[in-house]
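Dear colleague,

I am handing over the structure we spoke about, and below it you will find a summary of what turned up when it was examined. Please read the notes with the coordinates open beside them.

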Amino acid sequence: MALTKLTSNLIEGGTGTDWVTAIQTSNFTAAAGKGYFVNTTSQVLYVNLPVGVVGMEITIQDYAGTFATNKVILNANGSENIQGSAVQGKIITNNATAVLIYQDATKGWTSQDIELNATTISWATPTGQSLTYSTPSPQSSIGSQAATFPTTTFTATKSGSTISGTATIAGLPSGITAAQTITGSGAGNTLTVTLTGTFPSTSSLNTNLTLSGLTVAVPLAVSYLVVAGGGGGGGVGGGGGAGGYRTNYGGTSLTLVSGTNYTVTIGAGGASQQSGNGDGNVGANGGNSVFNSITSAGGGGGGSASIVGSNGGSGGGARFVSGGYGNTPSTTPSQGNNGGSASPAIGNAMGGGGGGANQAGNTTLNNGGNGSVNSITGSNVTYSGGGGGGGCTVCGGAQNIGLGGSGGGAGGGAYAGTVNTGGGGGGGTWTNNSSYITQRGGDGGSGIVILRYASSFTLTNPGSGLTFTTATVSTDKVTTFTAGTGNIQFN
């Protein structure tokens, strides 16, 4: 059989290594079939590989035995691979003679002496300032040194608190930077941290980032109960109207600013009228109670047989003529109800009941309207009951003295509304038929302001002027103001 001569032009990749005699001491582009003596004594060298063709070989030999000190970094052409990866390759073995062979588009350039020049960055869940963090996503990334690091994000939040400011982030690998964005301004808002940059020269596994320097605060959310002073009872007449009742407890809290002055005023109870010719004696309105922008109107004073009950938070009762209007001035929700009016058909009733926070004054039994129950202090307490209408001791038959609504005074006998509940005073009783002498009605009960807020704040009264106490209820503080006027601050 005839022999066929094998020539280099019959093999696509060539049959041997053509060694370049010049020693390579700087970055260069390699050619197929060539061998290179590479000296990395002074620096790391980058070798750019040509377009790969199956079977193509390139040889790189460590001239000075320094590859472990200053490595050779291999850059593939375009999107081609090295060792089956898109990242750079590296040769880091002293005295290596690395033969690179191009296998195919999947494996690319391969050699037993090549390692991937890859940096791996992986993340633990960040820590710091007792926040709740998400794990960075993606949690692990691999890339060549100085290559673009993929955008990675994580979030931080704290239930019931607000986050503000800019965090100091410790533990970031070299080349990676952090941008910060805060979404929302209320409790539970979110800090988003976005990591970008370039891959560092060394891997960093299970990297722990620690955040500090943020302002993490419980927002100043305040629940309030503002009750005005109750109206005084009228002579021969109606019970005093309850003090206006306004609250947001159990609803949407009022958001305030720490270190800011807010006004608090406790309304006094309205005075009843002295004994004498009671037909003209009308009880005085209670005083307004105030917290910041919330004003509860004093209860209307009780009227008489010829003078209508006064308007107010709840209206005062009267006899023969109409009771006063409640919810004056108008608020939403309503701060009170109308007063009642007794008529001659009711026999010995001398006055209708004063209106209460939860019920109008009675026009048949002349009872005061019931107040409203509130548990802002941690206990159920009834506030703003109307005063009962007065009766008659000289008219024969039953006196028909009205009962006070919850917190309001009963009619007759100068029964006052309960202190610090805004109860209306009871109406006066007719005791002498010939001279129209009446027994004095009762004074209205003073109002109250109660505030509930997070226990991390301290309430002060700059300049004094207020009488108050503070107790802890669950995780909150509750401050009760019983008298005076002045400014308060939360700090």
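R452 is buried, its relative accessible area being 10%. The model in which this residue sits is a predicted one, and every value in this message should be read with that in mind. The side chain of R452 forms a salt bridge with that of D476, with an N to O distance of 2.9 Å. The two partners belong to distant parts of the chain, since D476 is in strand β37 (residues 476-490) while R452 is in strand β34 (residues 448-454), 24 residues apart.

The count of salt bridges comes to two, and K34 and D18 make up another such pair, joined through their side chains at 2.7 Å from N to O. Because K34 lies in strand β3 (residues 34-38) and D18 in strand β1 (residues 18-24), this pair ties together parts that are 16 residues apart in sequence. With regard to exposure, K34 is partly exposed at a relative accessible area of 26%, and D18 also counts as partly exposed, with 42% relative accessibility. As general background, side chains of opposite charge can pair when their charged atoms come close.

For the chain as a whole, there are zero helices and 37 strands. The chain has 491 residues, and buried residues make up 48% of them. If one takes the contacts between residues at least 6 apart in sequence, 60% of these join residues that are at least 24 apart. The accessible surface of the chain comes to about 20500 Å², and carbon and sulfur atoms account for 50% of that surface.

Turning to the sheets, one open sheet consists of three strands in the order β13-β11-β19, with mixed pairing. Its edges are taken by β13 (140-144) and β19 (204-207), each of which has a single partner strand, so one side of each is left without a neighbour in the sheet. On average, and with direction ignored, neighbouring strands of this sheet are turned by 15° against each other. Within the sheet, strand β11 (residues 118-123) runs antiparallel to β13 and is joined to it by five bridges, with T120 standing opposite I142 of β13.

Another open sheet has five strands, ordered β2-β4-β6-β7-β10, and here too the pairing is mixed. Its edge strands, β2 (28-29) and β10 (115-116), each pair on one side only. Strand β7 (residues 89-91) pairs with β10 in the antiparallel sense over two bridges, and K90 stands opposite E115 in β10.

Strand β14 (residues 152-157) deserves a separate paragraph. One of its faces is covered and carries T152, F154 and A156, whereas the uncovered face carries T153, T155 and T157. Strand β12 (residues 132-133) pairs with β14 in the antiparallel sense over two bridges, and T132 of β12 stands opposite T157 in β14. Strand β18 (residues 190-197) pairs with β14 as well, again in the antiparallel sense but over six bridges, and there F154 stands opposite V193 in β18.

As for the interior, the largest nonpolar core has 21 residues, and L74 and I91 are those with the most contacts inside it. The elements that contribute two or more residues to this core are β3, β4 (45-48), β5 (57-62), β6 (72-75) and β8 (97-102), and β8 gives the most, with three residues. When neighbours within four places in sequence are left aside, I91 is in contact with I60, F67, K71, V72, L74, A96, A98, D113 and I114. A second, separate core has 20 residues, among them V222, Y262, I266 and F490.

Finally, what is the relative accessible area of Q335? Q335 lies in the loop between β28 (318-319) and β29 (341-342), and its relative accessible area is 1%, which places the residue below the 20% limit for buried because that class is set at under 20%. Not counting residues up to four places away in sequence, Q335 touches G243, G244, Y245, R246, T295, S296, A297, G313, N327, T328 and P329.

With kind regards

Technical notes
Residues numbered from 1 in each chain as written. Predicted model: local features only at pLDDT ≥ 70, side-chain atom pairs only at ≥ 80, totals over all residues. Heavy atoms only, no water. Salt bridge = Lys/Arg side-chain N within 4 Å of Asp/Glu carboxyl O. Helix = DSSP H or I, 4+ residues; strand = E, 2+ residues; numbered from the N terminus. Buried < 20%, exposed > 50% of the residue type's maximum accessible area, 1.4 Å probe, protein only. Pairing = 2+ DSSP bridges. Axes fitted to C-alpha atoms, helices over the stretch in contact; angles between N-to-C directions. Core = buried A, V, L, I, M, F, W, Y, C linked by side-chain atoms within 4.5 Å. Contact = heavy atoms within 4.5 Å. Areas by Shrake-Rupley, 256 points an atom, 1.4 Å probe, with all protein chains shown as cover.
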